Amino acid sequence: MPARKDFQSSSRLKQIMADHFLELDRAAKQGSPKVAWCTSVGPAELLRGMGYLVYFPENHGALLGASRLATDLIPTANAMGYSPDICSYLTSDIGSYLKKVTPLTRAYGIESVPKPDVLVYNTNQCRDVKDWFTWYGREFDVPCIGVVTHREVGRVEEHHIGSIARQIRDLVPVLEEVSGRKLDMDRLKEAVKLSKKCTDLWKSVLDTAANVPSPLTFFDATIHMGPAVVARGTQVAVDYYEELLEELDERVSFGVAAVQGEHVRLYWEGMPIWGKLRNLSELFAGLKTCVAASTYCNSWIFEAMDPEEPFESMARAYLELFIARDEAYKEEYIKDRCEQFHLDGIVYHDAKTCPNNSNSRYGMPDRLSRELGIPALILNGDLNDLRCYSEEQATTNIEAFIEQIVEG
Amino acid sequence: MPQPCFSGIDVGASAVKVVVIDDSGDILGLNVRRSGHDFEASAKASFDAALAAANLDSGDIVRIVSTGYGRRNTLFSDYTRTEIGCHARGCFHYFPRAITVVDIGGQDNKVIKLDDRGRRINFKMNRKCAAGTGAFLEEMANRLSVPLDGLDSLARSAGGEATLGSYCTVFSATEVLEKIRAGTPLADLVKGIFRSVVKRVMEMEPLTGTVVATGGVVAHNPGMVAILEEEIGRPVLVPPHPQCTGALGAALFARDSEE
Ligand code: SF4
């Protein structure tokens, strides 16, 4: 089997991320263009359509986790009254702000994250994002606005869409006031169109992992997801995924495996453990196991986007996401993925501070194992707070799980 | 010609266990000692002692498999297996049918379900907390100033039983102190502590079918097995040398391996 090389697109990826932060830094310093902070599934297309540069605090949260700064910063927010039991993106990000420490300094020579002119949230993922943004709204004395979404949704109905689309429209006057510019519908439609293109390409990228062996692991995807997160609605993201997809297709045609000698294929349900991505990636690879699919990386697939109906389609896309849906929908979703990706087992990451992205707490692992006839493992950990993670126990659990699958 | 022999080494957080078996899986020698801080040295010393007990020398051992918390520290073993696999294998050796294995160790608890061919259906390990493990008992023995090996006889002599409500080791310790102040007899306290360990295990997974209990805590505290039986309303099976089931499982893997 041909040896695995680094992705050629990686250097392009690094450049995109650097450009993103440097552009924001310049804008914040010059006061133009205006900077909007947005939650990961907030109305980024609208913000782009209105000429804002968009900054995503969750992305910064993930960087704090991956750089392992988070665990030192979280206690500062804890001491301010933000409990160790709530979202550790929130606590590490606020801790980072209070202690004036950011991985952006080392990576890009940037002193601090860009100051916001407005903060825009969407609660489709959790309430924590609203509390998080509200904190900064008070701190910077700028408007904090957003969309309050239905949760636990079974079938997505027109009344859901109507309510969310209306809320998105209601953001417009405030955003116009902050930016001093009128909404340009053509520009908005263009952003929605580019978002849709990005989505389709990103989905195709992830789907290449359905090949046996897979050219891509969950751990690779968490890195390559960057442009879909920070550049959704721009041409930059579209170009990147065209390049990456081409590279992956080539790997598939030559049978290049992401994990040498792949013989077990797993699903990862839940958040990444950012500070342990490398360790886990190496552990699984050493066990000849490819984590080929995940819910998390699919969170940036917004299939409903339609430039002809920008508000309604944004509303639908943001609501159709896994995290906002009920258990029955989620179970069907995971079942489909397990079949599509030919998986042998499911690892559920029960993230201590993110119950919203932890689906192992209401009996789903046992139910799905019975129905799919494949075993499940629940790993206790956290996205950013490594105090909640025990390396030794996680390793033993994972090794024992793979032994169980291999022994049949 | 002497028959081939195999060894399993279980380097746990508190104790090292070594088992030497022959080709038919019979135990020829075993040894248990504290893990200490130098896992490699303790494993080697324990291995030598088990060999001596079996009247063998290292040249007689065809293969060694190590397991447990310090499995990677045992550099002289041929390969490693997780303790989950080894406990399952060791228990199935004595009870070859569908069983639910309950292993209560120094640091971890495990519930492992096996089908009638000994294949693992699933397993669960305790969450990252010492409640319900040997470490919890050690802490409580300390609080009560009772030697660890004195707990079992105390629990058996209890006339009544104290109730501990918390699933946190530290809070349980506070509850124990409060009950000491209130004059609860020591034996009743210890029995309550035993029951709290059993309860923590029962919260992990339904204990269905035939239950087999193993692990160091079970080996040293048979009184706990009685409480487990009471809780599930059925007899609980205990293999010979329950503390060494993981090491035995490792030795059986060594015997069965083609490597
Ligand atoms: S979904 Fe979870 S990780 Fe994301 S912001 Fe909300 S609590 Fe934090």
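**The interface of chains A and B and the ligand shell**

Across the interface of chain A and chain B, 12 residue pairs are in polar contact, with both residues at pLDDT 80 or more; a polar contact is a pair of N or O atoms within 3.5 Å, and within protein one must be able to donate a hydrogen and the other to accept it, while residues adjacent in sequence count only if both atoms are side-chain atoms. The model is predicted, so local features need pLDDT of at least 70 and side-chain atom pairs count only at pLDDT 80 or more, whereas totals for chains, interfaces and linings use all residues. Residues are numbered from 1 along each chain as its sequence is written, chains are lettered from A and ligands numbered from 1 in the order in which they are written, and side-chain values use heavy atoms, with hydrogens and water left out.

Six salt bridges are found across this interface (a side-chain nitrogen of Lys or Arg within 4 Å of a carboxyl oxygen of Asp or Glu). One of the salt bridges joins A:E403 to B:R120, with the closest N and O atoms 3.1 Å apart.

In total, 20 residues of chain A are in contact with 20 residues of chain B, contact meaning heavy atoms within 4.5 Å. The area buried between the two chains is about 1700 Å², and carbon and sulfur atoms give 41% of it; buried area is the accessible area (1.4 Å probe) that two parts lose on being put together, summed over both.

The ligand is surrounded by residues that include A:C87, A:Y89, A:D128 and A:M271, each with a heavy atom within 4 Å of it.
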